[in-house]
Amino acid sequence: MRTTTGNPRTQPADTPRWSRRAKALGVVTFVALALVATGCGALMMPFHHSMGFDAGSRPTGEREYGFGDRLSKTGLYRVRAETPEPIRVGRIHEMRVHVETADGRPAEDATLSVDGGMPDHGHGLPTHPQVTAHLGGGEYLVEGMKYNMGGWWVVRVRIESASGADEVVFNLNL
Amino acid sequence: MKKEGWKAMLATAVVLAVACAATTRLDAPAWTPGELETLRSLRIGTLEPLPPDPSNRWADDERAVALGHRLFFDTRLSGNGEVSCATCHRPELQFQDGTPLAAGVGTTDRRTMTVVATAHSPWLFWDGRKDSQWSQALGPLESPVEHGGDRTRYAHLVGRHYRVEYEALFGALPELDRLPPSAGPVPDPAASRAWSAMAAGDREAVSLVYANLGKALAAYQRRLEFGPARFDRYMEAVLAGEDERARGLLTPQEEEGLRLFIGKAQCVTCHNGPLFTDNFFHNTGVPAVRGLPEDRGRALGAIQVQEDEFNCVGPFSDAGPRDCAELRFMAAEGDELLRAYKTPTLRGVARRAPYMHAGQLSTLTDVVRHYDRAPRAPAGRSELRRLRLSQSERTALEAFLRALDSPVEAPPELLRAPGEDAAAADDGPHDSLDQTGG
């Protein structure tokens, strides 16, 4: 036998059960929209010319800054870099990158790529540096380096050679 | 009220006022070491000496400066004989024109920028579509709405009025008699047809004359720099430990504005260095102007500078193979270039309203409010974030911007038309209080 109690279609529109549903739907919709809104807001971080890699956290010790000798991430290479003059913010310049294999031999015939940026600001380098010469003895000339403001910069050098692919990240405090 | 009552009130008021002023001064917080480091980098004294321009052999030649000076003010360098560079780059207005869009033979789609201190910037124009001052000068000369002329017309002009000066610098002019009076790669159909009909060698020769005109104009404009502002004198005093003198140079409100500039308001992110610009391109959500064509900013400018025949690696440049690093290694792609515009210098900014690339913001108050509100960009993605400044913070920030009151610095004769009497014109550092663009 059919019963009519509990069937929403036979209930008048203004019963507590309908309005509870309507309210619940309203709340859910509102919360969903709010989540979407904040989700979108969270995604709208400063995101110009993204660095494209995770630089880790800002180094705490003075010695962690600079282009001095660093071991690459998985230990395949030892890398250091130098610039002909002290780095000046806003001035485009070249740098020489020295790459050795882990056992101390110069890494000849490596392919290098350089990128970087400011992790705190979420942007990359203002230029597109390139390796323009293999100088021999594991030394590579990189042109087009530039930093357009002071602060914490990271420079990533990716290396690929017969010994394998790896990368090293330098931290600068300009 | 009785006389004694008034006196007592007055005395109390005076005492309170003095005490208030005294405590305000005494309470002015000192700068932290981190802040001082940033402040040091903003001083005009840290500006590098004028960089050489390898693409312009005559950049520092005094004769080129003199020729460029005359050309800059010569209204015959236009289609209608009425527009010179100085028509929009007016010396008495810090070499700009104080209007949202520029008025040459027609009207431009963008705001005239000051040319002062642009020798320190690798990119010229709001979108950086030129990479040297000399190639920049050639843009307006053939623009149908600015000078409305063409390079062959200008070559004839040089032959008639500047032959001696030109040939002393650049060598012999080409044979001009057999060239059409008007011809160039310009929208005007007659001039364009005449240009196509010219022999390649003639076109090259005329283009070379054109490039040389740009180089002379650049040699002149290189001499236009910014001088110290009240901010710089304040910094001198601060760094010398002369707090008393420093307090006399920036008011507490201006100091507060400076603190916000390098702190909460984050202006120094882009407005950094001694010229308060990183010479780079940023989308700051500036609104589009109804009725103007779509403006993509650096996204298009990056393509144009690479294709420009007068760029650093082009046939008319004097640069060598190891030069032109800015062009060769430029960031030319990426979404962040869309509606990104060059950070303008803030030196003298209070005198150069209206603001932004089509003069969209009329006053500094509007500018500060824009950065505070951080509206969405019409295209691309704005780098701004809401600042949530209070009214008093916004006022303080604006007050500081006014303290960046750098005058234009140059040999006085270069700040007026050649041959113009000193008494007839405003000289740089002694400019009358020009309220235009307040």
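Seventeen aromatic pairs, written 17 in my notes, are found over all chains of this structure, which is a predicted model. A pair of aromatic rings is described by the distance of the centres and the angle of the planes. Let me take one pair as an example. The ring centres of B:Phe231 and B:Phe400 lie 5.7 Å apart with the planes at 85 degrees, so this pair is classed as edge-to-face. Where do B:Phe231 and B:Phe400 lie in chain B? B:Phe231 belongs to helix H10, residues 230-239, and B:Phe400 to helix H16, residues 391-402, so the pair ties together parts that are 169 residues apart in sequence. B:Phe231 counts as buried because its relative accessibility is 0%. The value for B:Phe400 is likewise 0%, and B:Phe400 counts as buried.

Chain B also holds an aromatic cluster, made up of B:Trp134, B:Tyr154, B:Tyr210, B:Phe310 and B:Phe316. In addition, there are arginines placed over ring faces. B:Arg129 lies over the face of B:Phe125, at 3.7 Å from the ring centre. B:Arg298 lies over the face of B:Trp123, and there the distance to the ring centre is 4.4 Å.

I turn now to the interface of the chains. The size of an interface is often given as the accessible area lost when the parts come together. For chain A and chain B, the buried area is about 1,900 Å², with 50% of it on carbon and sulfur atoms. Chain A contributes 22 residues to the contact and chain B contributes 20 residues. What polar features are found between the chains? Five salt bridges cross the interface of chain A and chain B. One of them joins A:Glu143 to B:Arg328, with the closest N and O atoms 3.4 Å apart. Seven residue pairs are in polar contact between chain A and chain B, counting pairs with both residues at pLDDT 80 or more. On the side of chain A that touches chain B, the elements giving two or more residues are strand E6 (130-136) and strand E7 (139-145) of chain A. E7(A) gives the most to that side, with three residues.

Next, some individual positions. In chain A, A:Val168 is part of strand E9, residues 164-173. Is A:Val168 buried or exposed? With a relative accessibility of 2%, A:Val168 counts as buried. Leaving aside residues up to four places away in sequence, A:Val168 touches A:Arg70, A:Leu71, A:Ser72, A:Val79, A:Val155, A:Arg156 and A:Val157. The C-alpha atoms of A:Val168 and A:Leu76 are 10.0 Å apart, although 92 residues separate the two along the chain.

In chain B, B:His89 sits in the loop between helix H4 (85-88) and helix H5 (133-142). B:His89 is nevertheless buried, its relative accessible area being 15%; the cut-off for that class is under 20%. Which backbone oxygens does the side chain of B:His89 reach? The side chain reaches that of B:Phe95 at 3.0 Å and that of B:Met113 at 3.2 Å. Both B:Phe95 and B:Met113 are also among the residues that B:His89 touches, together with B:Phe72, B:Gln96, B:Thr112 and B:Val115, residues up to four places away in sequence not being counted.

Finally, B:Arg381 is placed in the loop between helix H15 (364-373) and H16 of chain B. At 43% relative accessibility, B:Arg381 counts as partly exposed. From B:Arg381 to B:Gly285 the C-alpha distance is 7.2 Å, with their positions 96 residues apart in sequence.

Terms used
Residues numbered from 1 in each chain as written. Chains lettered and ligands numbered in written order. Predicted model: local features only at pLDDT ≥ 70, side-chain atom pairs only at ≥ 80, totals over all residues. Heavy atoms only, no water. Phe/Tyr/Trp six-rings, centres within 6.5 Å; stacked < 30°, edge-to-face > 60°. Helix = DSSP H or I, 4+ residues; strand = E, 2+ residues; numbered from the N terminus. Buried < 20%, exposed > 50% of the residue type's maximum accessible area, 1.4 Å probe, protein only. Lys NZ or Arg CZ within 6 Å of the ring centre and 35° of its normal. Contact = heavy atoms within 4.5 Å. Buried area = accessible area lost by both parts, 1.4 Å probe. Salt bridge = Lys/Arg side-chain N within 4 Å of Asp/Glu carboxyl O. Polar contact = N/O pair within 3.5 Å; in protein donor to acceptor, adjacent residues only side chain to side chain.
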